[in-house]
Protein chains: 2
Amino acid sequence: MPRKQQNEDALLGKIWDSFRSSPGRGAGRSVSLGIGDDAALFCPKHGHEIILTCDWFLEGTHFLPKKHPPDAVGWKCLARAVSDIAAMGGAPRCFLLGLALPETRTGRWLDVFLGGLRRASGKLQCALAGGDTTRRDEILINITAVGEVPAGRALLRSGARADDLIYVSGRLGEAELGLQMVRRSAGTASPQDPLTRKHLYPQPRLALGQWLAKKGLASAMMDLSDGLSSDLARLCAASAVGARLEKRKIPQVRTPHLALKHGHHPEQLALHGGDDYELLFTVPPPKIKLLPKSFQGVGLAAIGKITRERDVLLVEENGRESPFTPAGWDPFRKRL
Amino acid sequence: MPRKQQNEDALLGKIWDSFRSSPGRGAGRSVSLGIGDDAALFCPKHGHEIILTCDWFLEGTHFLPKKHPPDAVGWKCLARAVSDIAAMGGAPRCFLLGLALPETRTGRWLDVFLGGLRRASGKLQCALAGGDTTRRDEILINITAVGEVPAGRALLRSGARADDLIYVSGRLGEAELGLQMVRRSAGTASPQDPLTRKHLYPQPRLALGQWLAKKGLASAMMDLSDGLSSDLARLCAASAVGARLEKRKIPQVRTPHLALKHGHHPEQLALHGGDDYELLFTVPPPKIKLLPKSFQGVGLAAIGKITRERDVLLVEENGRESPFTPAGWDPFRKRL
């Protein structure tokens, strides 16, 4: 065919080709038409609601190209969008990739980025359905993730009631410590370092979220993306309730001696650190006995109680109470 | 509630509030949960496929803040995404708004932008379902539009066959002339000028697209976003066919004397100008007699024929043929 290929089409073709043999194609059975037309087509399951979420992932704001390996950028941009689906108790189905790139990034950087994205797509069973590409001086990513949940079963932020117990999965502050380590690294961070792993390769708690939704155990749920202090305030506002957290019960990142020396206090990391993508959920008192201590190897900890009074309070070991003010990640307050 | 509101939440709240009384809420009946949770929930109609599309709309690449009125930016970012739904023969349902803004744009600029977006949402019956906001030095917009089409009825790019007639709606090149006028304007362009209207406020051909899909008249369809030369090449590549276009049959923008003086040739504008958001579609010979000359006041013109040979050719009035090479908008080739 003696036709000059259009540059934008060539880039879309490269992305699409890289996903042809992806293990995520299993989930792709619900995608009846992918990249290459005006839009993608998706067949919803009968009796299900569609979960829709979109997430920015921007150079300089959410990642630093000199510090963050492109493979981790690819993994994380999808994983954090899928975490919003986990937070509703849903199952991921497909995603759209909005990608703006400098021409200098359309070679090796793009290949390695697509490698990480493809692994996330396969692991999270979330197939590439479509996207839009354009040229730009900086790398801009916008991911739209699409999931499903049986109608009426989604877990919202607004369902918490007084006396419900507040739970978190995993240990908090691990990703924030990882970010500090990445910032401190001379060049590109090593994905092998266990201290940076949670920051570079977050794992959305899909199985836990779906199990809580299916069993009807949680009254409210959200994922921890901006930090406990910021996100708990959102859950309480949505439910028109308050909370009393017991500081000693919050599972904290295990900080090695070196990190402590650099002034990283596990308590502060756990209270305000972002990017953990653990689940924060509330359980009504009669259902507490049905909740295990851990789920598929991830700890579940009761860290406090929902209150009728709308303040969010933090209780010290000595019983002293203080307001638990949002101090997590807010793009309008601070930069990466 | 004595709690410091988080800045990002305040911005999301402002956006959501601005859509509460929006006329688009009618379409919003299918959105069961909107902004304010981890994700949105959408109830699909039984027996329908979901149409998914995302579109960048970036400062400097797709619009110039000093020249484009924020109201038009709001209208157009949604209208062009919805045009991809029209191009599948579908009906829009809801959209997600990815918006990154400098703090200086969170006041009046944002208000007027949201006004235009709200009018588009109402007119196009496409409800705001959710979104993500962040701070950025430049205005970045990414719209995900979600639509529906009866299962198996979507019109794809890949269905054109030899001897099908090629049609376009409307006049081509109007939006490109509008862009040239906007570029030339001293300050912000006037939305009242009829020459800039099509560039600033494109109208997705939803009714025409749905009618063609419902009646089964078109074998292939797409919208004209990058220009006839670029987009026809895509339709032909997807269908593994070629085309012979008759130049004299292509409905061209009516160029006023002033525009001609500035060197804007209607023929070039019509052949390569982008952003018209008209429909390009092919009709098998037995169905041609069912096609009216115009649909709801928009002209429908047969401009050529699909061929088995895979070249795309342009035929002059004197019968001379030449290759019709893609020379429309390509973000990797040129800038706004």
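1. Two residues are in contact if their C-beta atoms, placed from the backbone, lie within 7 Å. By that test, 65 residues of chain B are in contact with 64 residues of chain A. On the side of chain B that touches chain A, strand β3 (residues 48-58) of chain B gives the most, with nine residues. That side of chain B divides into 31 nonpolar, 15 polar and 19 charged residues; here Ala, Val, Leu, Ile, Met, Phe, Trp, Tyr, Cys and Pro count as nonpolar, Asp, Glu, Lys and Arg as charged, and the others, Gly among them, as polar.

2. A word on what you are looking at: this is a predicted model, in which local features need pLDDT of at least 70 and side-chain atom pairs count only at pLDDT 80 or more, while totals for chains, interfaces and linings use all residues. Residues are numbered from 1 along each chain as its sequence is written, and chains are lettered from A and ligands numbered from 1 in the order in which they are written.

3. Chain A has nine helices and 14 strands; these are DSSP runs numbered from the N terminus, helices being H or I of at least four residues and strands E of at least two. The radius of gyration of chain A, taken over C-alpha atoms, is 21 Å, close to the 20 Å that the globule rule gives for 336 residues, so chain A is as compact as a globular protein of that length. The rule itself is 2.2 Å times the number of residues to the power 0.38. Along its principal axes, the C-alpha trace of chain A spans about 80 × 50 × 35 Å.

4. Now for a sheet built from both chains. Its six strands form an open sheet in the order β5(A)-β4(A)-β6(A)-β3(A)-β2(B)-β1(B), with mixed pairing; two strands pair if DSSP finds at least two bridges between them. At the edges, β5 (127-135) of chain A and β1 (31-33) of chain B each pair on one side only. From one strand to the next the twist averages 25°; angles run from 0 to 180 degrees between N-to-C directions, with axes fitted as lines to C-alpha atoms, for helices over the stretch in contact.

5. Within that sheet, β4 (residues 91-101) and β6 (residues 140-150) of chain A run antiparallel and are joined by nine bridges. Phe95(A) stands opposite Ala145(A) in β6(A). Helix α1 (residues 7-20) of chain A packs on the sheet, touching β4 and β5 of chain A, and its direction makes about 155° with that of β5(A). Helix α2 (residues 70-86) of chain A also packs there, touching β3 (48-58), β4 and β6 of chain A, at about 30° to the direction of β6(A).

6. Another open sheet of six strands has the order β1(A)-β2(A)-β3(B)-β6(B)-β4(B)-β5(B), with mixed pairing. Across the chains, β2 (residues 40-42) of chain A runs antiparallel to β3(B), with three bridges joining them. Ala40(A) has Leu52(B) as its bridge partner in β3(B). Two bridges join β1(A) to β2(A), again antiparallel, and Val31(A) is partnered with Phe42(A).

7. Finally, look at α2 (residues 70-86) and α3 (residues 108-123) of chain B, which pack at an angle of about 40° with their axes 6 Å apart. That makes α2(B) oblique to α3(B), since angles under 35 degrees count as roughly parallel, over 145 as roughly antiparallel, 65 to 115 as roughly perpendicular and the rest as oblique.
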